[in-house]
Amino acid sequence: MAFSSKKRTHEILRQITAATSLDGILALFGAEIMTLRIADAYLINLLDASGENLVNRKLQFTPEFQSAEQTYFGYKNPVD
């Protein structure tokens, strides 16, 4: 099942290529997740430079858990 049209996909790709920072790209991903309503909360974790940890770089929790967002931002999860 396709979640967005080809036109929307092209617009997202244009925004990604125009982004000037990783934070900008992650903000686009987060906004698209919420726009598509495929989840009511999300975490985006990326592998750190050492390759040993997944580090939370972007998140949005449901309203009742938003007070915990700052706790989880930057949280490291060992890969092993």
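This passage describes a strand pairing, the surroundings of one proline and a group of aromatic rings in a predicted model.

Strand 1, which spans residues 42–47, pairs with strand 2 in the antiparallel sense, and the pairing extends over 6 bridges. Within this arrangement, Ile 44 is placed opposite Lys 58 of strand 2. The hairpin that strand 1 and strand 2 form has 5 residues between the strands, and in this hairpin Gly 51 adopts a positive phi near 80 degrees.

Gly 51 can also be related to a residue further along the chain, since Pro 78 is separated from Gly 51 by 27 residues in sequence, while the C-alpha to C-alpha distance between the two is 9.2 Å. Pro 78 belongs to strand 3, which comprises residues 76–78. When residues up to four places away in sequence are set aside, Pro 78 touches Glu 52 and Asn 53. Despite these contacts, Pro 78 is classed as exposed, because its relative accessibility is 58% and the exposed class begins over 50%.

The aromatic side chains were considered next. The number of aromatic pairs comes to 2. One of them joins Phe 61 and Tyr 72 in an edge-to-face geometry, with 5.6 Å centre to centre and 75 degrees between the planes. This pair links distant parts of the chain, given that Phe 61 lies in the loop between strand 2 (53–60) and helix 3 (69–72), whereas Tyr 72 lies in helix 3, 11 residues apart from Phe 61. The two partners fall into separate accessibility classes: Phe 61 counts as buried at 13% relative accessibility, whereas Tyr 72 counts as partly exposed at 39%. The assignment of Phe 61 follows because its 13% lies under the 20% limit for buried residues.

Tyr 72 also takes part in an aromatic pair with Tyr 75, which is tilted, with 6.1 Å centre to centre and 55 degrees between the planes. The tilted label applies because the angle of 55 degrees is neither under 30 degrees, as stacking would require, nor over 60, as an edge-to-face assignment would require. Tyr 75 has a relative accessible area of 45% and is therefore partly exposed. Taken together, Phe 61, Tyr 72 and Tyr 75 make up one aromatic cluster, in which Tyr 72 is paired with Phe 61 and with Tyr 75.

Technical notes: Residues are numbered from 1 along each chain as its sequence is written. This is a predicted model: local features need pLDDT of at least 70, side-chain atom pairs count only at pLDDT 80 or more; totals for chains, interfaces and linings use all residues. Side-chain values use heavy atoms; hydrogens and water are left out. Helices (H or I, at least four residues) and strands (E, at least two) are DSSP runs, numbered from the N terminus. Buried means under 20% relative accessible area, exposed over 50%, partly exposed in between (1.4 Å probe, protein chains only). Contact means heavy atoms within 4.5 Å. Rings of Phe, Tyr and Trp (its six-membered ring) pair if their centres lie within 6.5 Å; planes under 30 degrees apart count as stacked, over 60 as edge-to-face and the rest as tilted. Two strands pair if DSSP finds at least two bridges between them.
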